[in-house]
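With the model open in your viewer, please follow the stops below in order, making each selection before reading what is found there.

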Amino acid sequence: MSPVTAPSRDSQPNKAAGLPPGTLIPYYGRGEHLKAKHVGTRMVSGRTLESWALGLVPTEASATILDAGCGWGRFTWPLIEEFGVASTKITCADSSLGMLESAAAEAKRRRHRPSFVTADIQALPFPSGRFTGVMANHVLYHLPDISDGVRELARVVNENGWLLATTNSDDISVPVLEFHYAALDELGIAYETEARSPFSMENGGKILGEGFADVDQVYFEDEVRYATAEDFLTSYKTIGRYRNLLARGDIEPDKKQQLPVLVHRQAEQVFRNQGELRSPVRMGAFVCRGPKR
């Protein structure tokens, strides 16, 4: 397993975290909470976003693949274990050294040997045409300049290769965020209202078209159902908006303690009124070919 390179800071602070510009986003400092969120999400259909998305692209065992913004390895492990790509042919890149350390620990546990590189998607340290396939999954909305990132991704994929980019839809409301912001309002905790995502299923195709001749868009729609309010609360505690809020120094400790209590109370109310708690899922993938040089 190749060692990770020198650390770098995450490129853009999360406004919802309420952190000063240039501050490392706590949620992305390491991968344990992100992993818990992904592993703990169970779709009603039994599908996973990872396997569904990887099924949209050709994944030969000998393919050389870059997982740009790899996180804890959410898409890397099924690429190896379900789709048979040799782990030594995969390069995992992320701007967070802590994330790469989490991914490296996961690779060791699973006995895989991808390479790990600390890198900014907007300035990838690889030669042009280096990879058969490139993945940038649920990451492009973090970039300060997404167009620069797309041009770099197009540069490092070979002329017959592909880019897989997954993201969320803006056209959906989910209970976990509704309950979170309702609790913040009740506690009088200030937060900045979030605008529509800079890279979503609704606007991502146009952006990717700047770097690729062919861009196919496919939606992934499903549902998550929670058995109890406690299960919902466990899921809530893995999301970035909650974890980042805990790192804020401008919020009183007792309000931080009350926040999950209020979220749990809202979930309990839904169970009393409806007998179950459902959360819609709407996201998807872009498959891009024909990189523009």
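Helices, as the word is used on this tour, are DSSP runs of H or I that are at least four residues long, and they are numbered from the N terminus. Keep in mind throughout that the model is a predicted one.

Select Ser102 to begin, and you will find yourself in helix H4. Ser102 is buried, its relative accessible area being 13%, where buried means under 20%. If you set aside residues up to four places away in sequence, the residues that Ser102 touches are Arg30, Gly31 and Glu32.

Now extend the selection to the whole of helix H4, residues 97–110, which comprises 14 residues and reaches 20 Å from its first C-alpha to its last, close to the 20 Å expected at 1.5 Å a residue. Which residues of H4 are buried? They are Leu97, Gly98, Met99, Leu100, Ser102, Ala103, Ala104, Glu106 and Ala107. Show the surrounding elements as well, and you will see these buried residues packing against two helices, H1 (32–40) and H3 (76–81), and against two strands, E2 (90–94) and E3 (115–118). Step past the end of H4 to Arg111, which follows the helix and has a positive phi, near 65°.

Zoom out next to the protein chain as a whole, in which there are ten helices and seven strands. The radius of gyration is 19 Å, close to the 19 Å that the globule rule gives for 293 residues, so the chain is as compact as a globular protein of that length. Turned along its principal axes, the C-alpha trace spans about 55 × 40 × 40 Å. Colouring by burial would mark 50% of the 293 residues as buried, while the chain exposes about 13500 Å², of which carbon and sulfur atoms supply 49%. Among contacts between residues at least 6 apart in sequence, 82% join residues at least 24 apart.

For the interior, select Met135, Leu164, Phe232, Tyr236, Leu259 and Leu277, which are the residues with the most contacts inside the largest nonpolar core, a set of 59 residues. Apart from that core lies another, of 30 residues, with Phe131, Val150, Leu163 and Phe212 among them. In soluble globular proteins, nonpolar side chains tend to be buried together. Centre the view on Met135 and, leaving aside neighbours within four places in sequence, look for its contacts, which include Leu54, Ile65, Phe75, Leu79, Trp162, Leu163 and Leu164, as well as Asp67.

Turn then to the cysteines: how many disulfides does the structure hold? The structure holds zero. Cys70 is in no disulfide, and the nearest cysteine sulfur, that of Cys92, is 4.6 Å away, whereas a disulfide would need the two sulfur atoms within 2.5 Å. Cys70 counts as buried, at 5% relative accessibility. Move on to Cys288, which is likewise in no disulfide, the nearest cysteine sulfur being that of Cys70, 19 Å away; Cys288 also counts as buried, at 0% relative accessibility.

For the last stop, select Leu246, which lies in helix H9, residues 240–246. Is Leu246 buried or partly exposed? With a relative accessible area of 28%, Leu246 is partly exposed. Add Pro125 to the selection and draw a line between the two C-alpha atoms: these residues are 121 residues apart along the chain, and their C-alpha atoms are separated by 34 Å.

Methods: Residues numbered from 1 in each chain as written. Predicted model: local features only at pLDDT ≥ 70, side-chain atom pairs only at ≥ 80, totals over all residues. Heavy atoms only, no water. Expected span 1.5 Å × (residues − 1). Buried < 20%, exposed > 50% of the residue type's maximum accessible area, 1.4 Å probe, protein only. Contact = heavy atoms within 4.5 Å. Core = buried A, V, L, I, M, F, W, Y, C linked by side-chain atoms within 4.5 Å. Rg over C-alpha atoms; globule rule 2.2 N^0.38 Å. Areas by Shrake-Rupley, 256 points an atom, 1.4 Å probe, with all protein chains shown as cover.
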